[in-house]
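Colleague: Hi! Could you walk me through this model? I'm new to looking at structures, so plain words please.

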Amino acid sequence: MSGIALVRKPGPRIAEGIVTHLQREPVDPGRALDQHEAYVAALEAAGRRIVYAEPADDLPDAPFVEDAVVVSGRVAVLTRPGAAERRPEVESVARTVRDLGLKTVMIARPGTLDGGDVLQSGPTVYIGRSARTNEEGIRQLAALLPERRVVPVDVRGVLHLKSAVTALPDGTLIGDPRHVDLPGLLVPPEEPGAHVVPLGGEGVLIAASAPRTAELLERRGLAVTAVDISEFEKLEGCVTCLSVLIEE
């Protein structure tokens, strides 16, 4: 499988990242870096070419690179994160995607949009109405991606839409109905099981904290790779947050 995985290494200040719905726990920056390297290795093993965004050691949440850009085909939509302190993360990601030859467009004030609120599945783009993404951000993204079917989704009790639901390779949505109202959800046996990264074909990446979900997906015929991202989970991160997949 060809394609790029855009990632960014965690910096020494990662423990200072924003926590909204969880009680803050100590985060070990060294262990986070080791976990990130294993995560990247799993993407590389799946056939992805790894591209690193510039280091941003002064921005604690910068490794959650998904929030800075939404890629649809060869268009990269530069976001305007709902947390003002995260907006400086976007500029360096913009340089990286331009270097990859993508056309860049952007969400403008007063719109706010976090990439974690954008779930792409086939021709459909689900966009979460959350504390980080507002109605104007949703409207702008829909206008910037006129070829896609945009479905707004209300989000409850979690940071982002993709904190609650993602999509399996066959288009099945897997997620927690406590946080979103979407028909036909496959409900995972663990909360982290709602977070799946498609690796191509029948391959998926999932957090090691969801072993029963991994078994469920394997029974459905999927090839599951599990990675430990426990340090990032303390900051409300999940496997989708740490990369942006770009097709070549």
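**A small sheet, its helices and the pockets**

Modeller: Happy to! This is a predicted model. Let's begin with two strands: E11 and strand E12 (residues 203-207) run antiparallel and are joined by three bridges.

Colleague: Which residue stands opposite Val 204 in E12?

Modeller: That is Pro 198. Keep Pro 198 in mind, as we will meet that residue again.

Colleague: What is the strand order in the sheet?

Modeller: The order is E11-E12-E13, in an open sheet of three strands with mixed pairing. E11 and strand E13 (223-227) each have a single partner strand and stand at the edges, so each has one side left without a neighbour in the sheet. From one strand to the next, the twist averages 30°.

Colleague: Nice. Which helix lies across E11, E12 and E13?

Modeller: Helix H1 (residues 29-45) does, and H1 runs at about 160° to E13. Helix H4 (residues 211-219) also packs on the sheet, where H4 touches E12 and E13. The direction of H4 makes about 165° with that of E12.

Colleague: Zooming out, how many helices and strands are in the chain?

Modeller: The chain has five helices and 14 strands. Its radius of gyration is 16 Å, close to the 18 Å that the globule rule gives for 248 residues, so the chain is as compact as a globular protein of that length. The C-alpha trace spans about 45 × 40 × 40 Å along its principal axes.

Colleague: New topic: pockets! How much space lies in the largest pocket?

Modeller: About 740 Å³. It is lined by 33 residues, and the closest to its centre are Gln 120, Lys 162, Pro 198, Leu 245 and Glu 247.

Colleague: Ah, there is Pro 198 again! Which strands each supply at least two residues of that lining?

Modeller: They are strand E3 (69-72), strand E6 (118-121), strand E9 (165-167), strand E11 (197-200) and strand E14 (244-246). So E11 from our sheet has residues in the lining of the largest pocket.

Colleague: And what classes of residue make up the lining of the largest pocket?

Modeller: There are 16 nonpolar, twelve polar and five charged residues in that lining.

Colleague: What about the second largest pocket, what volume does it have?

Modeller: About 260 Å³. Its lining has 14 residues, with Leu 22, Glu 191, His 195, Glu 233 and Glu 236 the closest to the centre. By class, the lining of the second largest pocket has five nonpolar, six polar and three charged residues.

Colleague: Great, thanks for the tour!

Terms used
Residues numbered from 1 in each chain as written. Predicted model: local features only at pLDDT ≥ 70, side-chain atom pairs only at ≥ 80, totals over all residues. Heavy atoms only, no water. 1 Å grid on protein atoms, 1.4 Å probe; cavity = no way out; pocket = protein on both sides within 12 Å on 5 of 7 lines; lining within 4 Å. Points joined across faces, edges and corners; volume = space filled by probe spheres on them. Helix = DSSP H or I, 4+ residues; strand = E, 2+ residues; numbered from the N terminus. Nonpolar A, V, L, I, M, F, W, Y, C, P; charged D, E, K, R; others polar. Pairing = 2+ DSSP bridges. Axes fitted to C-alpha atoms, helices over the stretch in contact; angles between N-to-C directions. Contact = heavy atoms within 4.5 Å. Rg over C-alpha atoms; globule rule 2.2 N^0.38 Å.
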